[in-house]
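Me: I have a structure open and want to go through it with you. Can we start with the basics?

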Amino acid sequence: MERPEELAREMPSASIERLPTYLRALGDLAARGVVGTSSTELADLAGVRPAQLRKDLSYLGSLGTRGVGYDVVRLRDQVGAALGDAQELRVAIVGVGNLGHALANYSGLVARGFTVAALLDASAAVVGQTVAGLVVEDVAGLHGIVQARGVSIVVIAVPGDRAQEVCDAVVAAGVREILSFAPCALQVPPGVELRSVDVGSELQILAFHSRVRQER
Ligand SMILES: NC(=O)c1ccc[n+]([C@@H]2O[C@H](COP(=O)([O-])OP(=O)(O)OC[C@H]3O[C@@H](n4cnc5c(N)ncnc54)[C@H](O)[C@@H]3O)[C@@H](O)[C@H]2O)c1
């Protein structure tokens, strides 16, 4: 029998990507005072098949009890811990323009246990400004700031043509988890986890579905 941490290491990325949805559904159930839930109910709330949900949760060692289901609070805490809830994860945002401002002020980060520990920019017009209670610092100090404040995740919100150089500097500073909003593909060395959110591509995917529906 594998230990929970060994199982979690084997979790496929598609399963990891569904964990925040499970956590949100479990949080809603807990807030409503629901004590126990079935895989069918939870899968329904999360918009997945029950078999998929059971498989995903099995990687956390959460098998539920046949006929009883899952203890909501226990499972919420287990999924939360897998997503790093228990640790205080420190995030730095590089690029404090329109998007960087919005992200720095986004209450959902704090609600999910993240702390914005630094805001960095290259523009003299932006450095020194106070945004969301933090003074924007010069990106030239990235390495020292990451080390001194224990930053483990960096969000890149700079223009596309600056994103790769920023990404390289972030990796050189020792960061292994990066979220990029830049509308371009970034290269990272093995061992660095890069997630990209390209709002334009997401809209194009919706536009594709819209066109196909109209042609039916
Ligand atoms: N605005 C949006 O709604 C939106 C949505 C999704 C994605 N994006 C993408 O996010 C990125 C930022 O968008 P924005 O609208 O905030 O742009 P912006 O021009 O308002 O802000 C970019 C910021 O990055 C800073 N910057 C430039 N080069 C830098 C460097 N080398 N190091 C550190 N900081 C640097 C600039 O000084 C500026 O403050 C872009 O790649 C954009 O395509 C924007």
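Reply: What follows is a short run through the sheet, the ligand shell, two single residues and one annotation.
Reply: This is a predicted model, in which local features need pLDDT of at least 70, side-chain atom pairs count only at pLDDT 80 or more, and totals for chains, interfaces and linings use all residues. Residues are numbered from 1 along each chain as its sequence is written.

Me: OK, the sheet. What is the strand order?
Reply: The order is E7-E4-E3-E8-E9-E10, with 6 strands in an open sheet and parallel pairing. Strands (E, at least two residues) and helices (H or I, at least four) are DSSP runs numbered from the N terminus. Two strands pair if DSSP finds at least two bridges between them.

Me: Which are the edge strands?
Reply: Strand E7 (137-138) and strand E10 (193-196), each of which pairs on one side only.

Me: And how many bridges join E3 to E4?
Reply: There are 6, between residues 89-94 of E3 and residues 114-121 of E4. Valine 94 sits opposite leucine 120 of E4.

Me: Which helix lies across E4?
Reply: Helix H8 (residues 142-149) does, and it also lies across E3, E7 and strand E8 (151-156). H8 runs at about 165° to E4. Angles run from 0 to 180 degrees between N-to-C directions, with axes fitted to C-alpha atoms, for helices over the stretch in contact.

Me: Switching to the ligand. Which residues come nearest?
Reply: Gly95, Gly97, Leu99, Ala122 and Ser123, out of 23 around the ligand. A residue counts as near if its C-beta atom, placed from the backbone, lies within 6 Å of the molecule.

Me: Which elements give two or more residues to that shell?
Reply: Helix H6 (98-104), E4 and helix H9 (160-172).

Me: Is valine 166, in H9, buried or exposed?
Reply: Valine 166 counts as buried because it has 24 C-beta neighbours inside 10 Å. The cut-offs are 20 or more other C-beta atoms within 10 Å for buried, 12 or fewer for exposed, and partly exposed in between, with C-beta atoms placed from the backbone.

Me: What does valine 166 touch?
Reply: Val94, Ile156 and Val158, leaving out residues up to four places away in sequence. Contact means C-beta atoms, placed from the backbone, within 7 Å.

Me: And why does glycine 200 count as exposed?
Reply: Because glycine 200 has 7 C-beta neighbours inside 10 Å. Glycine 200 is in helix H10 (residues 199-215).

Me: Last one, what does UniProt say about residues 21-60?
Reply: The unreviewed entry annotates them as "DNA-binding region"; such annotations may be inferred rather than shown by experiment. In the model, that stretch is 70% helix and 5% strand.

Note on methods
Contact = placed C-beta atoms within 7 Å.
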